[in-house]
Each structure stands twice: as structure tokens, then as C-alpha cells.
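Reader: I'm new to this one, and I'd like to know how the labels people put on it are earned. Could you walk me through them?

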Amino acid sequence: MSGEVFMVCRGKLPSMKALVAGALLVAAASPAAAAGVESIVVRQGDTLLGLCRQQLENPARCRDVYRVNRLRNPDLIYPGQLIAIPVELLKGTPVAGIITFVRGGATLAGTGGNRQPLRLDERVGEGARIVTGADGAAEITFPGGSSVLLRNDSELQLVRSRAKGEFHLLRELRLGLGRVISRIRQATGREQRHLIITPSAVAGARGTTYRVSVDRDALTRSEVLDGTVVVGAQGKEVAVGGGEGTIVRKGGAPHSPIALLPPPAPLDLQPLYRADPLRISFANVSGAVACRFMLGRDREVKEVVRQQLVAGCEAFAATGLDDGSYYLQTESIDQFGLAGLPSAPLPVVVRRHPLPPYTMTPAPGASVRQGPVDFRWLKVGDATSYRLQVAPAAGFAAPLRDEPAAGTAWRADSLAAGSYLFRVASVAADGFQGEWSDPLAFTVIPPPPTPAVAPPEQAGGEMRIRVNDVCPGMTYRFQLARDASFAEVLLDRREPRPEVAFPAPTAPGSYLVRVQCIDTDGSAGAFSPPQSFEVPRHIPWWGLGVLGGVGLILGLVL
């Protein structure tokens, strides 16, 4: 785990000795003295000792005030006289900060050690310690607009935050672990001092932008973005300029300045990302062993939603992002662990919803008989309509069907035999189309063939219908009717063989038969053209002989 402090200061840069005097330093840091004085106007009845008791943090240092002002007699000061007091001696007025941002797990530990959840708009004074958890972050904003943002897994103590006299501000931050970003605004007419204290070093400046980080081994890293920073440890100091960094190991002296690496450049940044995971490729940076990617909700990348340290800087990938606008910031990491210059925030827009529907029919890899093909999918909650495409197996470059659909079903009236792909996308109320579903492959196969019917055969009161055996492994359906539309079917039989026998019709007249093949999956081919046959009307000749004999007898009698 490493920590990071990012600070913005302005003004003339003093030496380290002038910056850190009066600061609460750890054993490894170098003590020094601060620059600057405040002038106090003597009023009626004031004494030098009384002023020291009122103004000095340690009244015993009153002799220093006496020497600075070269007073001949410290007991003789008069109204209207200006008494110069070194800033480092002043007691100062505490300046509290306000919590202006908090998310996730973040607690505040007061001077008594008790912890409580950090709340928005809460005042934070000297001695307070803020701890953020794995998903936590918090921001302290001070009068004048300066702010300190704690990232996740961070520990920061506000050692001092004081206005010393009318023209000087002092803020000392102790970074124990984690990452902190400080943005310091110059207060009009005031000189500011900012010290970042770690277990192994002190970094201070009045006019620069820089970062300080510390890990669990107390290794301190300082990276200067512009201006100059003096980093001190073990009685030694190093001036680090803009675009340079240094490291300090616990018990060691600062390393000579090292040039910071440029940020990695994106190779395929898109205006809109629809797929999950989001993935952006980056060019390798010479000398980089890793890259840090931070994806935030705001342009300052303050509210980080995803953070990755990636070896080789190949790509940034994130899953499960909500729809919305983000900003991605990148940094290269060198062999010393120094973070390079940060990139400008890269805008990233994600919109994955409405999600693609789950397709139901045809089933993946299914074979469907030629004819109407039904397509069905499940409803997507935030979709108001859908768009579907059917294309040849070669791909969707030239789809055969590209249709809107109001519901969750659509029918293709006719598709030729062949291999196809099908996909469907959800469409939101504002007309935005989501990502396509995964392509679904299916095959349209021809229907069973149509058999040819041989002329019906009648023998011994039995009719026999035969067809050519063109449907092996299928069943044959025979139908008999008297009308060409087969509205009233007299016989409907299925046979495993290409023939059927049934009693010959007794009623005279015309009859028609037709046959179709039915596959094992129930698919039926077309009926054969109807084949007709006649059942003749039978005349009872013996009856005519009887009638003739009766007529002859009647003629003789009459």
C-alpha cells in the first residue's frame, strides 16, 4: 500500500531549513527554521512580556523577539511602536476545515481517540485524524478554498492549521498511509507554508505543485509537477524541480532527482462505449514498469470509481460500470515506483442499457424447415421496442432482414434453405439502441419432398394407393375426399410404407386421393397433386328382366 499527497502552492521557495522549523517532525526528518515575520502594533499599557504571553506559542522564546527587534530596553516599548515577531514563534489562530465530500467508509478520530462516522459539513480541527476504508473517500475544505482529498485506505492527521498573524498561514499534514490529494489556493495578501510529513522525510514548498507518497515500508516518494520542492531527511536536502522526483528510504538520505515519465497515450479511445467490459488500449511508455489508471465521475478525478495498477500499461478494463460520463487519468510508473506526469482527463462515456434481450427461438444451432420462421426473445425492462436483423452466415455486413419490432416476437414469412445468423437489440424510450445480442446461428432446411401418386388400384372390393418411396425414414399420410379442397376428408391414414389399402368406396362418383411425407420432428411436406378415380354406378340387369316378363304377361291379358 502506498500513499500520495498532491499539493498546489505559490510564492517564493525558501530552503528546507526555512520551511520546517516549528513543525512536529519525526526522528528521520531534518529540523530547520521558518522564514517571515508578523508586525504587532503596541497599544497603551502593553508590555513586551505581556505580548509574548499573548502571541507566542512558547512565551519562553520572548528573548528571541527582543533580539530580532534590537530593543535597548525590553521594558520600554511605547504605543504605536511596531514589534516584529518571527512567524515560527507565533501561537496563531486555529483554522478549522469543513468536510465537503464523503463517501463509503470514513471515520473521524478526535484528540481523545474516539471514532465516529464522518459526516458532510462537519468541522475538522487540529489533532483530528481521518481514516478511510477500502471504499471510502473524504475531502476537507479550508477557508479560502484550499482542500485535501483522502482516497481509499488512507490515514491523515491535521497536525496544524493556523493563521499566524495577518499575513501568514501554516498547515502541517502527517501522512501515515494511503493517498491524499491537496489543492492549495493562494490566499490574497497571505504567505502560506505547507509541510507534508512522512515517517521518513519532510517535503515542503511555498510555490509549486507536487505529490508525496508513503508505503508500509516507510519509503517516501516525491514527484514535482512544476516549480521546485526541497526534500529533506537525515540532515540532507535535495531540490527537486518540475518534472522530477526523488525517493527516501527510512533512515536514508534523498536520492538525486529523477526525470518523471510521460503518461501513456490511448490507442483506441471511442466517443461511446456500449460493451461490458469497457476496454481501452494504451501505447507502451519506454522505461515504465506499470501504469496507474483512475476512472472518476468528475474532471478532477476526485470521485474515483475504478482504479488499477497495470503492469506493462497494455490496457485499462472495467466491468459493471453504470451508464454515464466518466474521466480517465493515467500515470506511468518507473522502476523506482515514482508516478510520472498525469495525463489530461480523458472523457469516457458509457451506455450499455437497455441491455440486449435473451433470445429464445430459434434455439442456437437449430434446424428449421423452410416456411415461416418464428423469432422470440425475452422482454427487457427499460426497452420500449426492439430491432432485429437476419443475415447470411457470412455476417451482418448486408443483412437480409433489418426490422423494428414493438413486441418480443417476429415472423419471417419465407427464408430460402441455407445457414443464417440472427440478433436483436433493445431500444430505449429516447431512441437509443443498446448493444446487439450475441449472434444466433440457425439453418433453414427444405421441407420433406412431395411423393408422386400412382393410379389407384381396385381389386376384390379393396382400393390400393401407392407412391414412390422418396421419404425414407418418414411416414406417409394418405387422405381421401370427394371434393378437390378436401374439406370433408373420408380417410386420413398414416403409414410407415409408401402404400395404403382400404375398402373400396361403395357410393358411386368421383374420388380424390393425395399424399404427403411427415418427418420424425413433425415437419410435413406439401401434399401431392390429387389423383382421382371413379366408382361406377351399378345397373341391376336382373331387375330389368323381371320387369320385362311382367310387361309381356300384362300385354297378353289385355
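Reader: What makes the side chains along strand β38 (residues 462-466) alternate?

Author: Met463 and Ile465 point to one face and are buried, while Glu462, Arg464 and Arg466 point to the other and are not. Buried means under 20% relative accessible area, exposed over 50%, and partly exposed in between, with a 1.4 Å probe and protein chains only. In a regular strand the side chains alternate between the two faces of the sheet. A strand here is a DSSP run of E with at least two residues, numbered from the N terminus.

Reader: What sort of model is this, and how are residues counted?

Author: It is a predicted model, where local features need pLDDT of at least 70 and side-chain atom pairs count only at pLDDT 80 or more, while totals for chains, interfaces and linings use all residues. Residues are numbered from 1 along each chain as its sequence is written, and side-chain values use heavy atoms, with hydrogens and water left out.

Reader: How do you know that β37 and β38 pair?

Author: Two strands pair if DSSP finds at least two bridges between them. Strand β37 (residues 457-459) and β38 have three bridges, in the antiparallel sense, so by that rule they pair. Ala459 has Glu462 of β38 as its bridge partner. The hairpin of these strands has two residues between them, and Gly460 takes a positive phi near 55° there.

Reader: Which sense do β38 and β41 pair in?

Author: Antiparallel, over five bridges. Glu462 turns up here too, with Pro503 as its bridge partner in β41.

Reader: Why is the contact of Arg466 and Glu457 called a salt bridge?

Author: The term asks for a side-chain nitrogen of Lys or Arg within 4 Å of a carboxyl oxygen of Asp or Glu. The closest N and O atoms of Arg466 and Glu457 are 2.6 Å apart, so the pair qualifies. Arg466 is partly exposed at 32% relative accessible area, and Glu457 is also partly exposed, at 41%. Salt bridges that share partners join Glu457, Glu462, Arg464, Arg466, Arg497 and Glu499 into one network.

Reader: How many salt bridges does the structure hold?

Author: The structure holds 23. Among them is Asp64 with Arg61, at 2.5 Å from N to O. Asp64 has a relative accessible area of 17%, so it is called buried, whereas Arg61, at 37%, is partly exposed. Asp215 and Arg221 form another, with the closest N and O atoms 3.7 Å apart, and both residues are buried.

Reader: What makes an empty space a cavity?

Author: On a 1 Å grid over the protein atoms alone, a cavity is a set of points where a 1.4 Å probe fits but cannot get out; lining residues have an atom within 4 Å of a point. Grid points are joined across faces, edges and corners, and a volume is the space filled by probe spheres set on the points. A search of the whole structure finds two cavities of 30 Å³ or more.

Reader: What lines the largest cavity?

Author: The largest cavity holds about 40 Å³ of space, and its lining residues include Ile465, Phe478 and Arg514. The elements giving two or more residues to that lining are β39 (475-481), β41 (499-503) and β42 (509-518).

Reader: Which strand gives the most to the lining of the second largest cavity?

Author: Strand β12 (residues 155-164), with three residues. That cavity has a volume of about 30 Å³, and its lining includes Val124, Leu156 and Leu158.

Terms used
1 Å grid on protein atoms, 1.4 Å probe; cavity = no way out; pocket = protein on both sides within 12 Å on 5 of 7 lines; lining within 4 Å. Helix = DSSP H or I, 4+ residues; strand = E, 2+ residues; numbered from the N terminus.
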